[in-house]
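The following exercises concern charged side-chain pairs in a protein chain. Each task is followed by a solution in steps.

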Amino acid sequence: MADNEFQDKVAFITGGGRGFGKAFGAALSERGARVVLADIDGEAAASAAAELSANDADVTGLACDVADESGVAAAMDAVAARHGGLDILVNNAGLHAAYNRPFTELGLPTVRRVFDVNVLGTVVCTMAAHPLMTGRPGAAVVNISSSAAYANHTVYGVSKLAVRGLTMSFAREFAPDGIRVNAIAPGLILTDTVRAQLPEADLKRVLGQQILTREGSENDIVEALLYLASSKSAFVTGETLRVTGGFALSA
């Protein structure tokens, strides 16, 4: 893509204090975007923003619980006041590996929290961002689903299946406003957190089911994000891009 592909674009990234969210913020800010990192852990968001701003990048961090409608509205008001609008929304915040279990094991209160964050959080943020994105050339929403959405037999998997559905629904609804909506479904990506939590036996099992036998990296997901947020995917909307090393072909 052109060196100035994201120059002065405004990006709002949920779950931006660490992991994928922070990596997305780094990649976009390095390419000239003005980035807002939102995270339920406000200190993590502020720390990540300070780190990414070290090279004169325009990166800010703020505390935001994606399941809190009033908090998200306040965050979007802050974006509008500082930047005047929004070009890229990345719905990355989510509850992950520990919730990849059956409904009856987790219980209703935990199930409700997973759906509040993973599903309703995506709805709340997307609806709040919509007015700020309408009419902005190249506006794009990128949701983070999961390869677990295709197995969908756990609380986490079903929540990420819902994200796939939301991606298609919002793509259809927002198309007249010039906003594309797509999703990424990562396979097993060995971030530091996942590596620390994942039993060695599970790692070997998943790698054995991939067609590509190398470990997935954070950069694999970053490159998918850059594609879906860029003009290279201008004719792509409503799609979920699997980045799994061919894991999908093992089913």
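**Exercise 1.** In this predicted model, determine whether R101 and E105 form a salt bridge, and classify R101 as buried, partly exposed or exposed.

*Solution.* Step 1: the closest N and O atoms of R101 and E105 lie 3.2 Å apart. Step 2: the criterion requires a side-chain nitrogen of Lys or Arg within 4 Å of a carboxyl oxygen of Asp or Glu, and R101 and E105 form a salt bridge. Step 3: R101 has a relative accessibility of 36% and therefore counts as partly exposed, since this class lies between the limits of 20% and 50%.

**Exercise 2.** Locate the partners K22 and E51 along the chain and classify the accessibility of each.

*Solution.* Step 1: a salt bridge joins the side chains of K22 and E51, with an N to O distance of 2.7 Å. Step 2: K22 belongs to helix α1 (residues 19-30) and E51 to helix α2 (residues 42-52); at 29 residues apart, the pair links distant parts of the chain. Step 3: the relative accessible area of K22 is 23%, which makes K22 partly exposed. E51, at 48%, is likewise partly exposed.

**Exercise 3.** Which elements does the salt bridge between D58 and R82 connect?

*Solution.* Step 1: the closest N and O atoms of D58 and R82 are 3.0 Å apart. Step 2: D58 lies in the loop between α2 and β3 (59-63), whereas R82 is in helix α3 (residues 69-83). Step 3: these partners are 24 residues apart and link distant parts of the chain. Step 4: with a relative accessible area of 24%, D58 is partly exposed.

**Exercise 4.** State how many salt bridges the structure holds.

*Solution.* The total is eight, among them K22 with E51.

Notes:
Residues numbered from 1 in each chain as written. Predicted model: local features only at pLDDT ≥ 70, side-chain atom pairs only at ≥ 80, totals over all residues. Heavy atoms only, no water. Helix = DSSP H or I, 4+ residues; strand = E, 2+ residues; numbered from the N terminus. Buried < 20%, exposed > 50% of the residue type's maximum accessible area, 1.4 Å probe, protein only.
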